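Ready to find your way around a new structure? Take a look at it below, then try the exercises one by one.

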Amino acid sequence: MKRKGKRRKKEKWPGRRSRKPFSIGPIHLDAPLEWSLCIAVAVIAASLFMGTLQHHIAPPLMAEGEKQARAYLSAAVEDCVEQQLAVTFDDLIRREEDAEGKLLTLTTDTEAANNLKHQAAKAVTALVEELEAGTIAVPLGLSTQLPFLEGQGPRIPVKVTLSGRVETALLQDYTELGGGKLRQSLALQITLPLRLTVLKESWETQLETAVFLGEALYTGTNQGGFLSSLFS
């Protein structure tokens, strides 16, 4: 005959807690959903806070970033043209003089000028595309707009890319000095369409810089506007 005894209750797993419902008005949720909801609210609040913070700190960083990018690229473009291309004034201008050394005609070597513009655009494009991250950076302290903190804090990189094609043009300037003298100066104008990015803020701007190639002084009769007629 089997002995009847009391059944032992199964013990709950140690550390296991019973789920308590979480209520929002008439809606009842389990505890895991409660935590998920709290985390979602926290993430949304943090995102809104960071967006507002960035909206306030970005403008001064953007202004300084563009200023530094312009200064750096202007110098880099000039070095690039002078060192890599090494084109002189005499490579581009042809002049004819009489036996007394007086100016008769001035002409631009079109082929040499076109080659210079093409090579300059190619070299400057490569210069911007190969720009290393962090080359241009601004201190975070600028965002406070407080003079004693402007140079403080970590440096925020300014990303620089081209937003279009680099354009080049040959600029010639002529100045009559009197006494039958004429001064001619030559420069290469380079236009860079840029897209700058600081933090998550991006904007477009344009940089124009002129690289001086040289100048020359000529002597002519200048009777009846002789020198001016050379370039009409």
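Here are four exercises on this predicted model, each followed by a worked solution.

**Exercise 1.** Work out whether Asn114 is buried, partly exposed or exposed.

Solution. Start by finding the residue: Asn114 sits in helix 3, which covers residues 110–129. Next, take its relative accessibility, which is 43%. Buried means under 20% and exposed means over 50%. Asn114 therefore counts as partly exposed. While you're there, look across to Leu170: the two are 56 residues apart in sequence, yet their C-alpha atoms are 8.9 Å apart in space.

**Exercise 2.** Do the same for Glu97: buried, partly exposed or exposed?

Solution. Glu97 belongs to strand 3, residues 93–97. Its relative accessibility is 40%, so Glu97 counts as partly exposed. In space, Glu97 is 9.4 Å from Tyr218, C-alpha to C-alpha, with their positions 121 residues apart in sequence.

**Exercise 3.** Describe how strand 8 and strand 9 are joined.

Solution. First, pick out strand 8 (residues 181–198) and strand 9 (residues 201–219); they run antiparallel, joined by 18 bridges. Then check a pair: Thr191 stands opposite Glu208 in strand 9. Finally, go to the turn. The two strands form a hairpin with two residues between them, and Leu199 there has a positive phi of about 55°.

**Exercise 4.** Find out what lines the largest pocket.

Solution. The largest pocket holds about 180 Å³ of space. It has 15 lining residues, and those closest to its centre are Leu131, Ala133, Val158, Lys159 and Val160. Now go by element: helix 3, strand 6 (155–162) and strand 8 each give two or more residues, with strand 6 providing the largest share, six. Sorted by class, the lining has nine nonpolar, three polar and three charged residues.

Definitions and conventions
Residues are numbered from 1 along each chain as its sequence is written. This is a predicted model: local features need pLDDT of at least 70, side-chain atom pairs count only at pLDDT 80 or more; totals for chains, interfaces and linings use all residues. Side-chain values use heavy atoms; hydrogens and water are left out. Helices (H or I, at least four residues) and strands (E, at least two) are DSSP runs, numbered from the N terminus. Buried means under 20% relative accessible area, exposed over 50%, partly exposed in between (1.4 Å probe, protein chains only). Two strands pair if DSSP finds at least two bridges between them. On a 1 Å grid over the protein atoms alone, a cavity is a set of points where a 1.4 Å probe fits but cannot get out, and a pocket is an open set with protein on both sides within 12 Å along at least five of seven lines; lining residues have an atom within 4 Å of a point. Grid points are joined across faces, edges and corners, and a volume is the space filled by probe spheres set on the points. Ala, Val, Leu, Ile, Met, Phe, Trp, Tyr, Cys and Pro count as nonpolar, Asp, Glu, Lys and Arg as charged, and the others, Gly among them, as polar.
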